Amino acid sequence: MSLIHDYDSPLGPITLASDGKELTGLWFRGQKYYGSTLTGTPVPAQCPVFDQTMRWLDIYFRGKAPAFTPPLAMKTTPFRKAVWDILLTIPFGQTITYGEIAAKIAARTGRPHMSAQAVGGAVGHNPISLIIPCHRVVGTNGSLTGYAGGLDKKERLLEMEKGLPGGKF
């Protein structure tokens, strides 16, 4: 059974999900793959990981990099987890390309190359938006491509992180 809690962000409602100990999901309401990790009938509740996550989100939406990460449960394939682990290393206010992630995965697995499209699929299925910062992944030329929460949100998040006027809330 999943526990859920709603958070009102400057970009719209966000749903948090937990197994009671770790965060299992964080989605903008209505985003692609919304609720992908929910099990059973979700129960609205309050728990310590939601308190930590809401504190993280409060800091984040003030335009600052939180100095902690709530406990996360990344129950997925080894490939997706490897991609999401790389996402967790992208510094606040910076971006990386799908190709750069693919090169890192290839190097770690001893392969000559890795498909950027496969990486894109893993990035797109990230169930813990913002904290696992899939919005910081861009196209080869820096273009804003794909974001399950919508490109408008991705653009505002990146502007906010870089302190640009359009991103201030």
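In this predicted model, the largest pocket has a lining of 14 residues. Those nearest its centre are W56, P66, T69, I131 and R136. The character of the lining is easy to sum up: 12 of its residues are nonpolar, with 1 polar and 1 charged residue making up the rest. As for the space itself, the volume of the largest pocket comes to about 220 Å³.

Next comes the second largest pocket, at about 190 Å³. Its lining takes in K32, Y33, Y98, G120, V123, G124, C134, G146, Y147, A148 and K154. Here the split is 6 nonpolar, 3 polar and 2 charged residues. Looking at which element puts in the most, the answer is helix α4, spanning residues 116-124, with 3 residues in the lining of this pocket.

Helix α4 deserves a look of its own. Three residues to pick out here are V119, A122 and V123, which are buried in α4. Viewed down the helix axis, the buried residues of α4 sit within an arc of 100 degrees, so they line one face of the helix. That fits a general feature of helices: an α-helix makes a turn every 3.6 residues, so residues three or four places apart point the same way. The cover over the buried residues of α4 includes two other helices, α2 (78-87) and α3 (98-109), along with the strand β6 (137-138). V123, one of the buried residues of α4, also turns up in the lining of the second largest pocket.

Finally, there is the start of α4, where a side-chain oxygen of S115 comes to within 3.1 Å of the backbone nitrogen of Q117.

Technical notes: Residues numbered from 1 in each chain as written. Predicted model: local features only at pLDDT ≥ 70, side-chain atom pairs only at ≥ 80, totals over all residues. Heavy atoms only, no water. 1 Å grid on protein atoms, 1.4 Å probe; cavity = no way out; pocket = protein on both sides within 12 Å on 5 of 7 lines; lining within 4 Å. Points joined across faces, edges and corners; volume = space filled by probe spheres on them. Nonpolar A, V, L, I, M, F, W, Y, C, P; charged D, E, K, R; others polar. Helix = DSSP H or I, 4+ residues; strand = E, 2+ residues; numbered from the N terminus. Buried < 20%, exposed > 50% of the residue type's maximum accessible area, 1.4 Å probe, protein only. Arc of directions from axis to C-beta. Contact = heavy atoms within 4.5 Å. Polar contact = N/O pair within 3.5 Å; in protein donor to acceptor, adjacent residues only side chain to side chain.
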